[in-house]
Amino acid sequence: MLEVIRLNSSKHPKPESLEFSYGTAGFRMLAKNLDSVVFRVGLLASLRSKALNGKTIGIMITASHNPPEDNGVKLVDPMGEMLDQNWEVHATALSNCNNVEELCNCLEQIISFFKIDLTTCSKIVIARDSRESGLKLLESTIDGLKSFNTEYQDFGLLTTPQLHYIVRCSNDISFGEASENGYYKKLSNSFNNIFHYENENENGKENSTKICVTIDAANGIGADKIVKLRSYLSEYVQLELVNDKFMEPQLLNVACGADFVKTNQKLPNGINSFNLNTLFCSFDGDADRIVFYYVDSDKVFKLLDGDKIATLFAFFFKKMLAFLELDVSIGIIQTAYANGSSTTYIEDNLQIPVIFTPTGVKHLHHKALDYDVGIYFEANGHGTVLFSQNFIKSVTNYQSNNIEKKRSINILKEIVNLINQTVGDAISDLLAVLVILNFFKFKPSDWDSNYKDLPNKLLKVIVKDRTIFKTTNAERSLVEPKFLQSKIDQLVKSYNKSRSFVRASGTENAVRVYAEAQDPKSCDELADKVSALVQ
Ligand code: NG1
Ligand code: ZN
């Protein structure tokens with residue numbers, strides 16, 4: 001078997017002088033440097049599947065919100081979760097082998113360390129986003145898969161969360177049908193049922209008003225998927241699309257998409273500001289992130305980001321659980337990038353505990369498992385809700401003759417299926433937000449009125465070596481370079497209600513500086529001064 005690997009590997013040599021690392025979201029960089037990496041990811045995915053007795057593993061080729069010339073690859077574990085962190089080091093080690101000899105030694109070490117039986121057939125599902133480089137990288141990944149005894153199924157172009165869903169269904173048939181259509185069926189069934197419960201009047205008749213939302217799909221694969229989903233949804237839901245040119249990959253994430261809107265805090269290309277108080281949203285390139293926004297009556301752009309989504313979900317679940325008197329725990333997981341006002345609102349008004357983790361959904365996801373209803377969102381709009389078996393049991397066994405309580409319990413039962421619990425999912429989050437807004441009959445401004453964001457700024461600083469920036473305290477304090485944190489603390493002290501921190505990006509060659517303060521001028525000044533310290 002290693003002979004085949006030797007032969008195939010020589011077709012995918014590692015570029016000299018480059019060092020790779022399985023980071024926040026797998027490998028991600030300029031697509032032209034990724035050929036050897038994806039080949040080796042194919043090898044590792046096969047071994048991971050064999051190590052788990054042939055369970056299906058997923059490979060997603062995507063660089064999410066990054067520019068069109070980038071690409072990336074990440075592995076999905078059997079229950080649809082991110083790759084087990086213990087395997088990340090092996091991914092990094094394999095990717096950095098300089099020649100075929102080193103590669104074979106590294107593979108042998110992994111095989112013996114995990115006592116892998118090479119005769120076990122591996123099963124892989126694979127998909128990619130709409131980037132131009134995707135097809136070539138797919139072929140190289142398949143070269144890796146073919147080097148071991150592996151059955152694989154190529155799902156073509158999918159959103160990242162769709163692939164997570166398919167991996168989960170392949171290993172757990174109770175989760176749904178392992179296909180793209182199965183995904184639409186599962187989500188639309190729950191959505192349509194909830195919509196029906198919400199709008200049904202006492203005579204059993206539906207009394208619906210139309211819900212409209214305009215989606216900026218970042219010219220990514222989400223556009224194609226929304227078109228497919230539309231035909232399954234209630235006629236009372238109107239999903240309009242802009243930036244839907246996923247067949248023109250050079251336009252991907254350019255002046256549009258969730259990252260652009262969140263970072264620049266302004267409307268993307270293609271959406272004009274004449275439509276006041278109507279709901280818009282933006283996906284990122286692989287549709288695992290979503291942010292919402294609207295233009296208020298004073299024509300001011302208002303962002304409803306991941307923190308606002310988390311607080312809307314929390315408000316909904318808190319109300320439901322109290323009304324039904326269900327004794328289950330609820331918690332919210334945030335990162336240091338969460339706006340300080342959101343944390344205060346959650347703790348003081350909603351009286352729900354907030355836990356902080358380092359950046360990267362794998363950390364948040366893990367913590368959310370500690371609660372019956374674990375809500376996690378990064379401020380950039382990447383997140384979901386996890387429900388424990390205890391929660392599902394409480395909801396399933398609930399008995400009441402009260403019509404309102406029956407309706408609420410039916411909605412909760414369906415929302416468990418509507419929310420993609422494997423990973424943050426722009427499409428599923430969009431549908432969940434729509435049913436919650438419809439439930440409360442909230443306009444965008446009602447949703448936005450829960451708390452007012454502190455002015456905030458996120459800057460990218462290019463430095464010579466970002467690896468020297470080491471953090472602690474869920475990435476909120478620097479331990480190295482020495483003395484830098486005390487200088488940041490000094491600056492922070494001179495502004496009211498302010499906060500600032502610095503960390504190296506795990507997906508880009510840059511250091512990120514975050515600042516927030518009571519007023520926009522102080523926030524800008526603080527962000528600039530901290531950036532100057534870092535350079
Ligand atoms: P890095 O580049 O490590 O900051 C970014 C996002 C993360 C996460 C990953 C994966 C920010 C500040 N950081 O990570 O939240 O979403 O990309 O896509 O938004
Ligand atoms: Zn993404």
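**Figure 1. Where domain 2 meets domain 3, about 2600 Å² is buried between them.** Welcome to the first close-up of this predicted model. Carbon and sulfur atoms account for 69% of that buried area. On the domain 2 side, Y197, I290 and F292 are the three residues to look for: together they supply 21% of the area that domain 2 buries against domain 3, more than any other three residues. The centres of the two domains, taken over C-alpha atoms, lie 20 Å apart. The contact draws on 31 residues from domain 2 and 26 residues from domain 3. For orientation, domain 2 spans 183-302, while domain 3 is made of 306-433 + 444-448.

**Figure 2. Polar contacts, but 0 salt bridges, link domain 2 and domain 3.** Across this interface there are 8 residue pairs in polar contact, whereas the salt-bridge count is 0. If you trace the domain 2 side, the elements giving two or more residues are α7 (180-199), β6 (211-216), α8 (222-230), β8 (280-283) and β9 (290-295). Helix α7 gives the most, with 9 residues. The residues on this side divide into 19 nonpolar, 4 polar and 8 charged.

**Figure 3. F377 is a buried residue of strand β13.** The strand itself covers residues 373-377. F377 counts as buried because its relative accessibility is 1%, which is under 20%. Take a look at the surroundings: leaving aside neighbours within four places in sequence, the contacts of F377 include G306, I309, A310, F313, I333 and L364. Also among them are Q334, H382, G383, T384 and D429. T311 makes a nice landmark here, being 66 residues from F377 in sequence and 9.5 Å away in space, C-alpha to C-alpha.

**Figure 4. The loop between β17 and α17 holds a cis peptide bond and a positive phi.** The bond from E480 to P481 is the cis one, with omega near -5 degrees. P481 sits in the loop that joins β17 (477-480) to α17 (484-493). F483 is found in this loop too, and its phi is near 75 degrees, a positive value in a residue other than glycine. F483 counts as exposed because its relative accessibility of 65% is over 50%.

**Figure 5. K299 has a positive phi in the loop between β9 and β10.** The phi of K299 is about 65 degrees, although this residue is not a glycine. Strand β10, which follows the loop, covers 301-304. With a relative accessible area of 63%, K299 is exposed.

How values were computed: Residues numbered from 1 in each chain as written. Chains lettered and ligands numbered in written order. Predicted model: local features only at pLDDT ≥ 70, side-chain atom pairs only at ≥ 80, totals over all residues. Heavy atoms only, no water. Domains from an automatic or database assignment. Contact = heavy atoms within 4.5 Å. Buried area = accessible area lost by both parts, 1.4 Å probe. Salt bridge = Lys/Arg side-chain N within 4 Å of Asp/Glu carboxyl O. Polar contact = N/O pair within 3.5 Å; in protein donor to acceptor, adjacent residues only side chain to side chain. Helix = DSSP H or I, 4+ residues; strand = E, 2+ residues; numbered from the N terminus. Nonpolar A, V, L, I, M, F, W, Y, C, P; charged D, E, K, R; others polar. Buried < 20%, exposed > 50% of the residue type's maximum accessible area, 1.4 Å probe, protein only.
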